Amino acid sequence: MKNFVSAKDVNNIDALVQKALAFKADPFQQQALGKNKRIGCLFLNPSMRTRLSTQIAAQNLGMEALVFNVGNEGWMLEFEEEAIMSGSTVEHVKDAAPVFGKYFDILAIRTFPSLKNRDDDYSELYIKQFIKYAGIPVVSLESSTLHPLQSLTDIITITETFKEQRKPKIVLTWAPHVKPLPQCVANSFAQWVNAWGKADFVITHPEDYELDEQFTNGATITHDQEAALKDADFVYVKNWSTYKDYGKIYTNDPEWMLTQAKLSASRNAKVMHCLPVRRNVELSDEILDSPNSIVTQQAGNRVWAAQAVLSEILSAKK
Ligand code: CP
């Protein structure tokens, strides 16, 4: 594996999942692999789980992890080619990224979308420019359209939880939120579940919340949440803003919040969320505090997903 920014960077999702689960069983088995290697974790936006799990994963492999909060503490970066930098940006990525390439063996980056211009966000300019100019492997810690470490974690969590000899039914359901959020987690979850190909996959959301078909193709899509939840084994709850009329909130209908009563038609479904979650807006207390919720298990698995990916990249570099 050279870079990790999408499900398309993975040849065999199941093999990567098994590698992650092997690290969960024995975290320090590859302590020598990252010896004298350094990962730079660049944050243009806030994070708790991604930041900490990536550092722990690197340390488990014997790597040193340095975190740089570019968004708060660094020079404001310019990403457009041939920009006349007479505004607020101080340094071009073309100049900064090669410096990161000298300091680190792997570069990991979190950048959120603006939610103002769909074409700009979906061009993934930021992460592509880092790949173009850093000269070292690049790992996405969440980009404008995708969150691949989260989605790998989600498949790991489903794999270790579901023990029946049949395909699980997985439902991705839209939930209300107080502000417009990116489509990244939903796009990415859809991309990974479809690429994995081992589930009956249903996406349910209100009208006009359709996601980009390049990610959802292969899933059944319905506006009927009650019908979608019938016989579900896993329910993934997530808000996203509108994709077509980009970055808007059309409805915040509280009827879309997942409650215990709505799970009654499911197969005692396990409930997932990437966190952070708005309690009693997206998900009720009664679910989050019940045995149905596996959100903490899921967040814990972020370490093993990151460790499997870093291990693959380090092994490929040897
Ligand atoms: N799920 C997730 O990415 O969490 P953080 O934003 O806290 O990193």
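Helices and strands are taken here as DSSP runs, numbered from the N terminus, with at least four residues (H or I) for a helix and at least two (E) for a strand.

**Entry 1: the cis peptide.** I am working with a predicted model, and I began with its backbone. The peptide bond that runs from Leu 275 to Pro 276 is cis, with omega near 0°, and I located Pro 276 in the loop that joins strand 11 (270–272) to helix 11 (285–288).

**Entry 2: overall form.** I looked up the secondary structure of the chain and found 13 helices and 11 strands. The radius of gyration is 20 Å, close to the 20 Å that the globule rule gives for 318 residues, so the chain is as compact as a globular protein of that length. Along the principal axes, the C-alpha atoms fill a box of roughly 55 × 50 × 30 Å. I noted that 56% of the 318 residues count as buried, and that the accessible surface comes to about 14000 Å², 49% of which belongs to carbon and sulfur atoms. Among contacts between residues at least 6 apart in sequence, 79% join residues at least 24 apart.

**Entry 3: the nonpolar cores.** I then turned to the largest nonpolar core, which has 66 residues, and listed those with the most contacts inside it: Phe 4, Ile 39, Val 139, Leu 152, Ile 170 and Phe 201. Helix 13 (residues 302–317) gives the most to this core, with 9 residues, and the core draws at least three residues from each of domain 1 (7–146 + 301–317) and domain 2 (150–299). A second, separate core of 19 residues includes Val 70, Phe 79, Ala 97 and Ala 134. For Phe 201 I set aside the neighbours within four places in sequence, and the contacts that remained include Ile 170, Leu 172, Phe 189 and Val 193, as well as the polar residues Asn 194 and Thr 220.

**Entry 4: two positive phi angles.** I checked two residues that have a positive phi although neither is a glycine: Asn 36, at about 65°, and Glu 142, at about 120°. Asn 36 is in the loop between helix 1 (13–25) and strand 1 (38–43), and with a relative accessible area of 72% this residue is exposed. Glu 142 is in the loop between strand 6 (138–140) and helix 7 (148–161), but at 8% relative accessibility Glu 142 counts as buried.

**Entry 5: salt bridges.** My search of the whole structure returned 14 salt bridges, and I followed up several of them. Glu 142 pairs with Arg 110, the closest N and O atoms being 3.1 Å apart; Arg 110 lies in strand 5 (residues 106–110), so the pair ties together parts that are 32 residues apart in sequence. Arg 110 is itself buried, at 6% relative accessibility.

The side chains of Lys 198 and Asp 14 meet at 2.6 Å, N to O, and this pair links the loop between helix 8 (184–196) and strand 8 (200–204) with helix 1, 184 residues apart. Lys 198 is partly exposed at 40%, and Asp 14 is partly exposed at 22%.

Arg 166 forms a salt bridge with Asp 233, with 2.9 Å between the closest N and O atoms, and the two residues are 67 apart in sequence. Asp 233 is buried, with a relative accessible area of 6%, whereas Arg 166 counts as partly exposed at 29%. I closed by noting that Glu 164, Arg 166, Asp 233 and Arg 267 are linked in a network of salt bridges.

Note on methods. Residues are numbered from 1 along each chain as its sequence is written. This is a predicted model: local features need pLDDT of at least 70, side-chain atom pairs count only at pLDDT 80 or more; totals for chains, interfaces and linings use all residues. Side-chain values use heavy atoms; hydrogens and water are left out. A nonpolar core is a set of buried Ala, Val, Leu, Ile, Met, Phe, Trp, Tyr and Cys residues joined through side-chain atoms within 4.5 Å. Buried means under 20% relative accessible area, exposed over 50%, partly exposed in between (1.4 Å probe, protein chains only). Domain bounds come from an automatic or database domain assignment. Contact means heavy atoms within 4.5 Å. The radius of gyration is taken over C-alpha atoms; the globule rule is 2.2 Å times the number of residues to the power 0.38. Accessible areas come from the Shrake-Rupley method with a 1.4 Å probe; for residues, only the protein chains shown count as cover. A salt bridge is a side-chain nitrogen of Lys or Arg within 4 Å of a carboxyl oxygen of Asp or Glu.
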